[in-house]
Amino acid sequence: MSDTPADVVENDDPPRRSRRRWRRHAIVLAVMLLLFGVPWWTLLAAGAAWPTAVVVAGTLVFAAAFAGLPLLMMYGHGRRHLDRAAAAGDALLGAAWVLFVWSVLGHLLELALVIAGVEDPVRSRVVAAAVVAVVVVLLVWGHFEAMRVPRVRTVDVGIAGLGAGLDGLRVAMITDTHYGPIDRARWSAAVVDRVNDLDADVVCHVGDIADGTVAVREAQASPLASVRAVSARVYVTGNHEYFSEAQGWLDYMESIGWAALHNRHIVVDRGGDRLVVAGVDDATAAGSGVHGHGANLQAALEGADRALPVLLLAHQPKQVPHAVGAGVDLQISGHTHGGQIWPFNFLVRLDQPVVQGLSRHGERTQLYTSRGTGFWGPPFRVFAPSEITLLTLRRA
């Protein structure tokens, strides 16, 4: 037996890695079986007594989706990064999730029909037809919601100690644009036009700018160079920048005229009064392995006049305890997408203190959480509309 701990760890690593890998595979398989098995049972097997040809054809469709989803994800989001495969896999995942959710809820309709005395196979066929109809409507509507240019959501935020010159200062906020496998260059340009129509004093991009490197996604991101602001355009990283090249996106945004707030601040002057606009790296930055990255609010506020009100850009809402500790007046965040596809918002809430909207934390700090301007992965938004946010700061 060796006395060297490193030798022991080295000898134990392969079996541990193997067990972890098999555990992950088992979890993924269980999720996949639920995701496709519940809808298969609800639509085809639960007492509907469909003709054999219908059951066989439907089963083949579910089997093809069950086998195709991991393959599309592997080719789309694995080493090959094939955008068409990624887009198809994301769409299939979103459709499967919506079908699963409403197949589960369909059993509430089945219970009502049981109470009403409706017998099978009519009862199960009514449930199957209702589930399919609802899912089709939600997917069509949800895709339209995801792909359209977001509406503007206006919010007034009262801030104690805000100078008279800053009263009415307009902050336009976009976040989670997630330029990705679906080419949305025209959408990006339309978003910029809508932001420019707001004539904001400060424009903020609060992270998750793209899924991919600058070289791959620049065509979609380039309209951001045309954003207009009276005083400043500011940007911070989100967690998705750390999946590709965070520093590359910081450098790119600087190159097109934005102030990349990599744990630093700027000061906005309006009407003789000043506002500190600070930004920190995403909460995942420290563990990303990217040298010199990691959320550091103390560094971001270093040298700032602490008597001035502070607006903080931090991608994730759960970074707000640091803002409270530092006496920040308003933190703005994204990341949650408002859940994007209901009822995923309940799962998001397990990880984040807020899913969307304006909230108060401690005596001084307020947090505004955007539902996001774009979407990630599945090109659907169900009961979680996208937004461009216009925050108007008011003297409290």
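In what order do the strands of the open sheet containing E6 and E10 lie, and with what pairing? In this predicted model, the strands of that open sheet, 6 in number, follow the order E6-E7-E8-E9-E11-E10, and their pairing is mixed. Strand E6 (264–270) and strand E10 (357–361) occupy the edges; each has a single partner strand, so one side of each lacks a neighbour in the sheet. On average, neighbouring strands of this sheet are turned by 20 degrees against each other, direction ignored. At the E10 edge, pairing with strand E11 (residues 365–369) is antiparallel and extends over 5 bridges. Within this pair, Ser-359 is placed opposite Leu-367 of E11.

Another open sheet, likewise of 6 strands with mixed pairing, has the order E1-E12-E2-E3-E4-E5. Its edge strands are strand E1 (151–159) and strand E5 (259–260), each of which pairs on one side only. Strand E4 (residues 232–235) and E5 run parallel and are joined by 2 bridges. Tyr-235 has Ala-260 in E5 as its bridge partner.

Apart from the sheets, a nonpolar surface patch was identified. Leu-71, Met-74, Tyr-75 and Leu-82 form this patch, which covers about 360 Å². Leu-82 belongs to the loop between helix H2 (52–77) and helix H3 (83–115). The relative accessible area of Leu-82 is 41%, and the residue is therefore classed as partly exposed, since that class lies between the buried limit of under 20% and the exposed limit of over 50%. Leu-82 also satisfies the patch requirement of over 30% relative accessible area.

Note on methods:
Residues numbered from 1 in each chain as written. Predicted model: local features only at pLDDT ≥ 70, side-chain atom pairs only at ≥ 80, totals over all residues. Heavy atoms only, no water. Patch = residues over 30% accessible without salt bridge, like charges linked within 9 Å, V, L, I, M, F, W, Y side chains within 5 Å. Areas by Shrake-Rupley, 256 points an atom, 1.4 Å probe, with all protein chains shown as cover. Salt bridge = Lys/Arg side-chain N within 4 Å of Asp/Glu carboxyl O. Helix = DSSP H or I, 4+ residues; strand = E, 2+ residues; numbered from the N terminus. Buried < 20%, exposed > 50% of the residue type's maximum accessible area, 1.4 Å probe, protein only. Pairing = 2+ DSSP bridges. Axes fitted to C-alpha atoms, helices over the stretch in contact; angles between N-to-C directions.
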